[in-house]
Amino acid sequence: MDYMDSGSKYTPKMGKEFESVQFLQASDNKKLEKKKSPGKRGALIGMVILSTVVAIMIGLLVWHFHFRENTHERMYTGSIKIDNQVFQDAYENSSTPEFKALAEQVVKQLKTTYTNDARLKKYYVGSTVQAFSEGSVIAYFLSEFKIPAGQEVFVDIAVSSLDNNARKSVSSPNRQANHLDIKEMKTSVLDKRLLSFKEQAFFSEHTKPNEIVWIKSPGFPDSPYTENTFNQWKLRADRGNIVKLEFDTINLEPDCKNDFVKIYDSLVATESRALVELCGYFSPSAPPTFYSSGNVMLVTMGTNEEHNFPGFQAKVSQVSRGSMSQSCGSKLTGKTGRFSTPNFPHYYPPNMDCDWEIQVPENKVVKVTFEMFLLAEPGQEDGKNCNKDYVMINNKKLCGKNLEGTLVEISKTNVVKVQFHSDNSYVDRGFTAVYEAIESTDPCPNQFLCKNRWCVNHNLTCDGWNDCGDMTDELNCKCSSDSITCANGLCKPKFWKCDGVNDCGDNTDEMNCGGCSSGEFTCKNGKCVSEKKHCDGSNDCGDSSDELDCGGRSELQCTDVTYKCKNNKCINKVNPECDGTPDCGDRSDEENCDCGTKKFKSATRIVGGQDADDGEFPWQVSLHVKRYGHVCGASVIGTKWLVTAAHCVQDDGNIKFSDPKSWEVYLGLHSQQKQGSSLVKRNLKQIISHPSYNHHTFDNDIALMELESPVSYSDHIQPICLPAPQHDFKTGNNVWITGWGATREGGSAAVVLQKAQVRIINRTVCNELMRGQITSRMLCAGVLTGGVDACQGDSGGPLSSPEGNRMFLAGVVSWGDGCARRNKPGIYAAVTKFRDWIQEKTGV
Ligand code: 4AZ
């Protein structure tokens, strides 16, 4: 990047001045030689001196070649406030003689400041002035240093200590006539990204009262922004006003590391005055608005080589600073009311202080509920170190993020002060809060008071959900008819009984799930037989289930629940396929087992949606409709075959989803925006939708896709194991869902493959929850407390079930009632029911 877009141009000097500050005094060996004296002692001393000189020289050579060569450029940007100058309009234009004259003075003064500091003198290269603004005069500069590797942090400390010392330097006694009175100096390291762009463009706008100026990324809206480009807009308002920047559209690549818009409360890109970094897409119904604290603002935009999006468009105008502070803080009275940060729900301005004094009728106390609270700037996202932007109430500093409305403060008297402070950098959306007068003895009028002093609605108590956060709303309950009473006194929704999850905590909800009395064995077909008949060698259940997994190796009468070997013999082991032990006499249970393993070790897994590791689910496929993009998922089951959902391949109006030519399939894909070397793209030869697929009920929601040519397996492309028809995916087992679908109901698709862990849900429970819509060809999995699920765009993808060190395809993502809702599991096509059909059609 050419960072000297305006101001006095500076050519870095690598000549004498820089060279002369090296460690040359230490190598002045002539001085050492003068100390030579004759005689043995002298010779000894001479030897010592000589070796010292040699050691020093070796040290110097090592230093010279290792460190000195290893220096690199480090840029600092910042501003200084000059008190003894008056702003002139000519300072807005860098080509005026006035600008140049003052810039020269500033550069000189910066040089003096840096070279007076022993820690910086030897590394300083030069400075350039970028702009001036009012106040008395603020100069924005860029300073260059050449720093040996490893010294950066010391130089950063030295530079920032100058900021603190700026005030002191004013009183320096030997000031010259044209000395600038520097009252404030703020410096920070220049964002390295800004030095790496190929193209740059710089714009300046000075808004007039009642006038709107539009700024937009180059090409907007006709063409996507250009790659590897840096753009910068210097925005100014008249004195006494602040800049208002209202976005109309923002649509950038989702990863800020690649493309970003960064806004500063300054005229240089200095981190200490950064207001926000934006990327991705903002809904047109909620585009953000920002304000400056003074009369300048800098908008920058950087793009990398890949993926150019439409860009942005924003309105720039000016408003008087007074109008902003008037709406900030006041005296509030009455029994209830609301107050919010300036500009809420848009971003509050930097450098603001608002004071509210809330007074409610005497003998009452004030309860303040922050309904939305967003003061989560970098460094205080967790709400712990509220040193930057904060709310002060009841002598407590609050910051971070709380969108649940559970941030509540209650005063001791009928008056409370609420202070809001925003510092110079990074802004957020702020808060909106309601206050109400309450009795000090009843902090939750008409609500339940939790032990932690939260208030929850009465209908949320004893419902099985921990609404208080401390479980106190679920204690001492008399359970309703919709609930089960756990032995420990908790109530849990009836639907959670026998879902394989210990919801009560004492397992009461998972007891007596087979309907058979104690002392009886529950057969898979529901029959009850005496516990004594379990593993006694005879088929008492009628389906052989009382003789399964009884240890040893024995053959059983073949039924729906027994594994059938290739030789048509049935064995007593449950899920014997590919478990590493040959169980069939013909060893057929260990055939075709090159499946279901990832080729990389991956990090520990966490329940809940998160990025999958690259290559963690190598059977996951992304199905793209040509020229449109990702639509559904699929799983690799053979070198030529994929399994997906039948509903993904049904024609819809003009779009011929059933036509193989409509599709392009991506194997070995991790990010939808990166076509890495592991990616394999294929066209389709044929699509075989299940003949019994019912588009009303989603019964038999499965389809096969044949690739035009086979793929070679690799670290990133592997088949998943297909389960035998009798494979038992037990209720409560942890399974994985993966896909690039929406990350929330109605939300946008993920860029990087997402994974989440869910559990197999009891079929009877699921059928009740889904109002009788579950057929035997469906499988339910989810987290009944909500929050984890497959969603739109995940359809057709795998439900992967870990067994030993392999994954089996338990299901195909099919449908659900919304996404991740409480008591609404995801519904999957049960692959076991289609095993024979898959074999028949594909040979796999
Ligand atoms: C869909 O529309 C979809 N919550 C897939 C899965 C689920 C819901 C919707 C399950 O593709």
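# A walk through the strands, bridges and turns

Strand E35, residues 629-636, is mostly covered, with 7 of its 8 residues buried. The model described here is predicted. E35 makes a good starting point.

On one side, E35 pairs with strand E34, residues 620-625. The two run antiparallel and share 6 bridges. Within this pairing, His-624 has His-630 of E35 as its bridge partner. E35 also pairs with strand E36, residues 641-644. This pairing is antiparallel too, over 2 bridges. Here Val-636 stands opposite Leu-642 of E36. E35 and E36 make a hairpin, and 4 residues lie between them. In a regular strand, side chains alternate between the two faces of the sheet.

Next comes an open sheet. It has 5 strands, in the order E5-E7-E12-E9-E10, and the pairing is mixed. Which strands stand at the edges? They are E5 (199-206) and E10 (274-278). Each has a single partner strand, so one side of each is left without a neighbour in the sheet. Neighbouring strands of this sheet are turned against each other by 15 degrees on average, direction ignored. E5 runs parallel to strand E7, residues 229-236, and 8 bridges join the two. One bridge pairs Gln-200 with Phe-230 in E7.

Now turn to the charged side chains. Side chains of opposite charge can pair when their charged atoms come close. How many salt bridges does a search of the whole structure find? It finds 30.

One of these joins Glu-357 and Lys-331, at 3.1 Å from N to O. Glu-357 lies in strand E16 (residues 352-359) and Lys-331 in strand E14 (residues 331-333), so the salt bridge ties together parts that are 26 residues apart in sequence. Is Glu-357 buried, partly exposed or exposed? Its relative accessibility is 23%, so Glu-357 counts as partly exposed. Lys-331 has 52% and therefore counts as exposed, because the cut-off for exposed is over 50%.

A second salt bridge joins Glu-439 and Lys-364. Their closest N and O atoms are 2.8 Å apart. This pair links distant parts of the chain, 75 residues apart. Glu-439 sits in the loop between strand E23 (430-438) and strand E24 (448-449). Lys-364 sits in the loop between E16 and strand E17 (365-375). Both partners are partly exposed: Glu-439 has a relative accessible area of 38%, and Lys-364 has 26% relative accessibility.

A third salt bridge connects Lys-681 with Glu-664, at 3.9 Å from N to O. Lys-681 belongs to strand E38 (residues 680-682) and Glu-664 to strand E37 (residues 663-667). The two are 17 residues apart. Lys-681 is partly exposed at 45%. Glu-664 has a relative accessible area of 17%, so it is buried, because buried means under 20%. Salt bridges can also share partners. In this way Asp-191, Lys-262, Glu-271 and Glu-277 are joined into one network.

A single residue comes next. Ser-483 lies in strand E26, residues 483-485. Ser-483 is buried, with a relative accessible area of 14%. What is Ser-483 in contact with, leaving aside its neighbours within four places in sequence? The contacts are Cys-462, Cys-491, Lys-492, Pro-493 and Lys-494.

The last stop is the backbone. Most residues other than glycine have a negative phi, and most peptide bonds are trans. Several places here depart from that pattern. The peptide bond from Gly-135 to Ser-136 is cis, with omega near -20 degrees. Ser-136 lies in the loop between strand E2 (124-134) and strand E3 (137-148). The bond from Phe-344 to Pro-345 is also cis, with omega near 5 degrees. Pro-345 is placed in the loop between strand E15 (336-340) and E16.

Two asparagines have a positive phi. For Asn-592, phi is about 50 degrees. Asn-592 is in the loop between strand E32 (570-571) and strand E33 (610-611). For Asn-700, phi is about 60 degrees. Asn-700 is in the loop between strand E39 (684-689) and strand E40 (703-707). Which way does each fall, buried or exposed? Asn-592 is exposed, with a relative accessible area of 74%, whereas Asn-700 is buried at 9%.

Technical notes:
Residues numbered from 1 in each chain as written. Predicted model: local features only at pLDDT ≥ 70, side-chain atom pairs only at ≥ 80, totals over all residues. Heavy atoms only, no water. Salt bridge = Lys/Arg side-chain N within 4 Å of Asp/Glu carboxyl O. Buried < 20%, exposed > 50% of the residue type's maximum accessible area, 1.4 Å probe, protein only. Pairing = 2+ DSSP bridges. Axes fitted to C-alpha atoms, helices over the stretch in contact; angles between N-to-C directions. Contact = heavy atoms within 4.5 Å.
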